Amino acid sequence: MIPIRDENPHLRTPYMTYILLAAIVGTWVFVQGAGLDERSLITSICSLGMIPGELTAQVPVGYRLPIAEGVGCVIDDEPINWLTPITSMFLHGGWAHLLGNVLFFWVFANNIEDSMGRFRFLVFYLICGLAAAVAHVILSPASPIPTVGASGAISGVMGAYLVLYPRVRVHMLFIFIFLIRIIPLPAWVVLLWWFALQVLTGLPELAQVDRQLSGGVAVWAHVGGFLAGVILVKPFENEALVRERNSVRRALHPGHP
């Protein structure tokens with residue numbers, strides 16, 4: 001199921017959401033070459049992606065991880081490595097990765113910005129992304145695999161949405177073979193289903209003896225970001241904005257909670 005839109009109008013133009021989207025897409029186009037050149041894409045991921053084993057020094061300097069034929073990521077001890085938990089939030093591994101994150105961000109972020117204010121939302125977003133990075137490093141401290149993507153920070157936005165607007169309806173695109181439907185569901189159903197899927201997907205990783213070899217999607221980063229959003233949303237929310245938004249939403253959608 002894919003979120004298309006929600007029944008939760010924003011009252012103010014979500015400029016910070018637009019700026020973050022522009023930064024994410026701009027990084028993909030101008031830094032990563034829009035994925036059109038494999039070497040440039042791999043270079044950006046190796047240089048600016050977060051490598052847990054590099055931060056923890058559990059992978060020796062000079063270790064080379066093959067990424068493609070004749071190309072690999074080499075572990076180093078450059079000072080920029082400490083910035084990769086931030087820089088990795090704006091990088092992606094491909095078009096599908098980028099578009100999926102952009103879609104989830106587009107559906108949920110404007111309402112959270114509208115409930116916090118622009119600057120608070122930016123700080124909240126970055127903290128959730130860092131919490132996601134910490135969760136991934138804790139679970140895979142010796143991994144030499146670069147981690148990229150905005151999904152950890154976006155997971156925090158989704159966690160915040162669960163707390164603030166659990167009963168708002170989210171329109172989900174459902175595709176099964178030739179059956180295509182748009183189904184409105186309460187946000188709590190959508191978000192808890194998504195969270196449960198992340199946990200269930202990540203459980204086999206916990207059973208691995210050698211987590212250095214774990215790869216694929218960093219689902220525990222998603223879990224960490226989501227929980228950070230659930231915990232931090234109340235300190236970051238602007239209660240007056242939330243009350244105003246709820247009043248307007250109920251007026252526009254009478255009969256819905």
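**Figure 1. Threonine 84 in helix H4 of the predicted model.** Helix H4 spans residues 84-87, and threonine 84 belongs to this helix. With a relative accessibility of 1%, threonine 84 is classed as buried, because the cut-off for burial is a relative accessible area under 20%. Beyond its neighbours within four places in sequence, threonine 84 contacts Ser47, Leu48, Gly49, Met50 and Leu55.

**Figure 2. Packing of helix H1 against helix H5.** The two helices comprise residues 15-31 (H1) and residues 95-116 (H5). Their axes lie 9 Å apart and enclose an angle of about 170 degrees; H1 and H5 are therefore roughly antiparallel to each other. On the H1 side, the contact is formed by Tyr15, Met16, Thr17, Tyr18, Leu20, Leu21, Ile24, Val25 and Trp28. Helix H5 contributes Trp95, Leu98, Val102, Phe105, Trp106, Ala109, Asn110 and Glu113.

**Figure 3. Salt bridge between arginine 118 and glutamate 113.** The side chains of these two residues meet with an N to O distance of 3.7 Å. Arginine 118 is partly exposed, at a relative accessible area of 38%, whereas glutamate 113 is buried, at 4%. Glutamate 113 is also one of the H5 residues in the contact with H1.

**Figure 4. Salt bridge between glutamate 244 and arginine 12.** The N to O distance between the two side chains is 2.8 Å. This pair connects distant parts of the chain, its members being 232 residues apart: glutamate 244 is located in helix H10 (residues 239-252), and arginine 12 in the loop between E1 and H1. Both residues count as partly exposed, glutamate 244 at 37% relative accessibility and arginine 12 at 31%.

**Figure 5. Salt bridge between lysine 234 and glutamate 237, with the network of shared partners.** The side chains of lysine 234 and glutamate 237 meet at 3.2 Å, N to O. Lysine 234 counts as partly exposed, with 47% relative accessibility, while glutamate 237 counts as buried, with 9%. Elsewhere, Arg12, Asp114, Glu244 and Arg245 are joined into one network by salt bridges that share partners. The model has a count of seven salt bridges.

**Figure 6. Nonpolar surface patch including isoleucine 2.** The patch is formed by Ile2, Ile4, Ile175 and Ile180, which together have about 330 Å² of accessible area. Isoleucine 2 lies in strand E1, residues 2-6. Its relative accessible area of 35% makes isoleucine 2 partly exposed.

How values were computed:
Residues are numbered from 1 along each chain as its sequence is written. This is a predicted model: local features need pLDDT of at least 70, side-chain atom pairs count only at pLDDT 80 or more; totals for chains, interfaces and linings use all residues. Side-chain values use heavy atoms; hydrogens and water are left out. Patches are made of residues with over 30% relative accessible area and no salt bridge: like charges are joined within 9 Å, nonpolar side chains (Val, Leu, Ile, Met, Phe, Trp, Tyr) within 5 Å. Accessible areas come from the Shrake-Rupley method with a 1.4 Å probe; for residues, only the protein chains shown count as cover. A salt bridge is a side-chain nitrogen of Lys or Arg within 4 Å of a carboxyl oxygen of Asp or Glu. Helices (H or I, at least four residues) and strands (E, at least two) are DSSP runs, numbered from the N terminus. Buried means under 20% relative accessible area, exposed over 50%, partly exposed in between (1.4 Å probe, protein chains only). Contact means heavy atoms within 4.5 Å. Axes are lines fitted to C-alpha atoms, for helices over the stretch in contact, and angles run from 0 to 180 degrees between N-to-C directions. Angles under 35 degrees count as roughly parallel, over 145 as roughly antiparallel, 65 to 115 as roughly perpendicular and the rest as oblique.
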